[in-house]
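Reader: I am new to this structure and should be grateful for a close look at a single part of it. Please take one helix and describe its dimensions, its surroundings and its neighbours.

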Amino acid sequence: MSIYDKLNPEQLKAVMHREGPLLILAGAGSGKTRVLTHRIAYLINECDVRPYQILAITFTNKAAKEMKERVENTVGEEGANVWVSTFHSSCVKMLRRFCEYIGYDRSFTIYDDDDKKSLMKSILKTMNIDPKRMNEKLFMKAISHAKDELIGPEEFEKEACDYMSETVAKVYREYQRQLKSCNAFDFDDLIMKTVELFQNNPDVLNYYRNRFRYIMVDEYQDTNTAQFRLVSLLAHYENEDGEIEHNLCVVGDDDQSIYRFRGANIYNILNFEKEFPDTRVIKLEQNYRSTKNILAVANSVIHNNTERKDKTLWTANADGQNVHYVKYENDIAEAEGVTSLVKRLMSERGALPKDFAVLYRTNAQSLSFEKAMRAAGIKAKTVGALSFFQRKEIKDIVAYLKTIDNARDDIAVQRILNVPKRGIGATTVEKLREYAYDGGLTFYEAVESARSVPGAERASAKTESFVALIQGFRYELEKNKVTLKKLIRIIIEETGYEQYLIDDDPEKADDRKENLDALISYASRYEEEADENGDLTGFLEYCGLNSEEAADDGEGEDDGQGFVSLMTLHNAKGLEFPYVFMVGMEEGLFPSYMSISADDPEPEIEEERRLCYVGITRAMKELWLSSCVQRMMRGELQFNMPSRFFKEIPRYMLDMSTPMNKDYRRTGKMDDELREKKPTPAYTKANGDDGYKRHDGGDLSAEPFAMNYKKPVRDMGKGAGTLDYAEGDTVSHAKFGEGKVISIVKGGKDFEVTVEFPGFGTKKMLSAFANLKKV
DNA sequence: CGTAGTTTTGTTTTT
DNA sequence: CAAAACTACG
């Protein structure tokens with residue numbers, strides 16, 4: 001009996017693969033993590049590979065942690081020496097060691113999105129760029145994208161061809177300059193700069209090439225160009241006979257690529273075999289997770305994508321229930337409906353809260369579910385929304401720590417200079433910033449010499465006491481060798497931070513204090529776990545990269561029943577639940593309005609479809625899909641059509657009779673009488689003599705919901721029948737201003753209108769959404 | 001300088 | 001309906 005006995009033949013082939021590039025196309029629920037961990041075990045136990053020669057890369061810290069545990073379970077103690085981490089933390093580790101080669105100091109900090117935004121805003125201000133015309137988001141996106149593609153500021157500048165890109169180039173260069181002077185990297189830099197480090201320093205690269213003889217990458221479909229380069233640089237080893245080995249094993253599923261917006265390059269997986277010609281390809285198509293019915297729905301949806309490797313997932317599992325579809329009157333009814341279904345499944349089937357997940361497209365949707373669950377007394381947890389380290393109070397204290405550790409971090413210093421309030425106002429900060437900028441100083445240095453800064457003299461008494469405060473903290477840390485835990489307590493104490501919280505918002509003060517306590521226990525746990533390099537810099541790095549759940553906040557101790565998980569579809573990747581609710585499946589929400597109205601919608605819609613596929617395949621036993629006729633979105637009542645993805649599911653696969661009484665869809669409440677007479681009305685009507693017409697997935701033109709279909713009210717009169725403008729007319733658009741109509745093409749119930757806007761170029765849009773007015 | 005009250009603006013997903 | 005930006009006042 002060996003650990004390999006439980007593997008199927010394909011899995012076994014993958015596990016036993018020793019040398020050379022290997023591409024594992026692993027469908028959802030096909031046991032890829034198991035393959036990965038077993039392969040690591042195989043290499044160590046059977047092939048004399050040392051654990052430290054293996055590098056396994058995952059995407060999230062959570063996945064890394066889980067994989068590490070599983071490796072240690074299969075391999076034993078030695079498994080702890082396998083380097084399992086995310087792209088970002090691997091890079092941090094390597095940079096921490098060698099960043100001096102590229103002119104950084106070892107105590108560098110990492111900027112998250114908030115920090116990035118602050119820095120960008122201040123740059124735009126000093127460069128006198130009108131934020132009304134070009135806001136910081138635009139620049140952040142452009143720069144981030146460039147970095148994903150390994151395009152540095154110089155190259156970007158060379159390729160700039162219009163005013164827009166030239167401006168971005170200038171900002172990009174300044175942004176990089178300031179990052180460096182702050183001794184900070186942003187997330188994208190972590191990858192790009194590591195690649196730079198390798199490319200410019202062969203000795204460093206060779207060091208890691210010789211060390212990492214076997215490299216594995218999980219979720220390979222979500223790698224971007226920079227990450228691909230990083231991995232291919234590393235997976236290059238010259239053996240004793242002078243042959244080059246590429247011991248690179250990547251595991252992925254092109255159908256689950258959902259991070260294109262973040263630069264993920266789907267061709268990394270589609271063209272892997274071209275990059276590495278001697279690649280062995282193994283497909284894992286047997287699904288161990290879901291029922292046949294769930295898988296059938298997933299397959300029928302994903303088959304509408306054109307850019308994919310052909311494969312079809314199958315399972316030996318039972319048929320299971322049909323996938324359910326419920327159409328609710330509004331978002332509140334949806335939340336209550338889902339909640340009562342959860343309640344009912346718990347009482348009728350003995351399911352536990354942890355068996356359920358509610359998946360939605362946008363974080364904003366979580367609120368109504370949180371409320372409904374709380375009202376019904378069901379434990380639910382929203383995962384991921386606002387991560388621990390993004391909370392104001394945590395960021396403030398962390399900014400103090402950053403300032404103590406690395407006063408070159410201008411963003412951190414600016415954040416806390418007047419928090420809690422010390423009477424140092426915006427004008428003073430502005431003067432200090434100018435002074436620092438002109439004199440090539442860090443912001444902190446400017447603060448130190450505020451006395452001689454024109455315009456800031458008046459506040460110099462206040463800035464001096466701030467400097468003294470920081471020096472005091474440094475003294476505690478360096479001379480008195482206080483622990484991190486103690487240091488944080490001292491900071492809170494000395495700055496009067498708790499009083500500040502109470503003055504700022506008495507309502508939230510208690511919650512926030514609890515978060516501070518959580519930070520303190522997080523720090524003390526870090527100190528216990530970390531070995532000798534458990535210093536302040538290390539702790540900050542830990543904080544910066546762990547965007548996920550922090551310390552258990554003590555709230556609601558686990559009783560073994562767990563929580564209903566509320567999360568975005570993106571967050572659900574890699575997870576599985578017996579019962580899954582995919583909610584808010586409406587045109588304009590999922591697929592999102594952004595994807596529908598993009599210049600070139602097809603690839604975006606395909607990504608949304610993959611996201612849909614990911615959601616469906618999270619379900620093990622039973623799946624509910626739902627949409628609402630109307631919902632509140634940004635304070636306005638919106639009327640959406642059911643998602644186009646429903647049209648891609650053959651109707652006979654859907655059970656549309658889910659718990660219904662007269663009022664269910666309107667209120668989300670179940671009729672108790674009905675429940676008692678017919679205990680399980682939900683599961684009786686499926687697939688059969690219900691009068692539903694059956695058609696296969698090929699016929700997408702069929703009206704899916706003739707039964708309870710209402711025309712969307714949104715923009716009636718423009719969307720349907722006729723338009724009040726014609727080709728050649730001048731129209732006006734809320735965002736782009738006036739433009740000339742180039743063409744109008746009829747498509748389905750809508751018109752695709754092409755308009756040329758001076759200054760914005762030519763845009764294609766759907767008449768129903770564009771809200772164009774004839775001028 | 002700080003604050004409270006008002007207006008504007010923006011809408012996806014995240015390491 | 002937020003959050004952010006702006007304004008007016010003490």
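**A close look at helix H4**

Author: The model is a predicted one. DNA strand C is surrounded by Lys121, Arg634 and Gly635. Of the strand C atoms within 4 Å of the protein, 62% belong to sugar or phosphate, and the rest belong to bases. Lys121 also has an N or O atom in its side chain that is 2.5 Å from a phosphate oxygen of DNA strand C.

The helix chosen for the close look is H4, which comprises residues 87-98. With 12 residues and 1.5 Å a residue, H4 should span 16 Å; the C-alpha atoms at its ends are 16 Å apart, so the expectation and the model agree.

As to its surroundings, the buried residues of H4 are Phe87, Ser89, Ser90, Cys91, Val92, Met94, Leu95, Arg96 and Phe98. Because 9 of its 12 residues are buried, H4 is largely enclosed by the rest of the structure. Buried here means under 20% relative accessible area.

Helix H10, residues 202-211, is a neighbour whose axis comes within 12 Å of the axis of H4, and the two cross at roughly 135°. H4 and H10 are therefore oblique to each other. Their crossing is right-handed.

Another pair of helices may be set beside this one. The axes of H15 (residues 331-349) and H16 (residues 366-375) come within 9 Å and cross at roughly 45°. That angle makes H15 oblique to H16. H15 passes H16 in a right-handed crossing.

Methods. Residues numbered from 1 in each chain as written. Chains lettered and ligands numbered in written order. Predicted model: local features only at pLDDT ≥ 70, side-chain atom pairs only at ≥ 80, totals over all residues. Heavy atoms only, no water. Helix = DSSP H or I, 4+ residues; strand = E, 2+ residues; numbered from the N terminus. Expected span 1.5 Å × (residues − 1). Buried < 20%, exposed > 50% of the residue type's maximum accessible area, 1.4 Å probe, protein only. Near = heavy atom within 4 Å. Polar contact = N/O pair within 3.5 Å; in protein donor to acceptor, adjacent residues only side chain to side chain. Axes fitted to C-alpha atoms, helices over the stretch in contact; angles between N-to-C directions. Parallel < 35°, antiparallel > 145°, perpendicular 65-115°, else oblique. Left-handed = near helix turned anticlockwise from the far one by under 90°.
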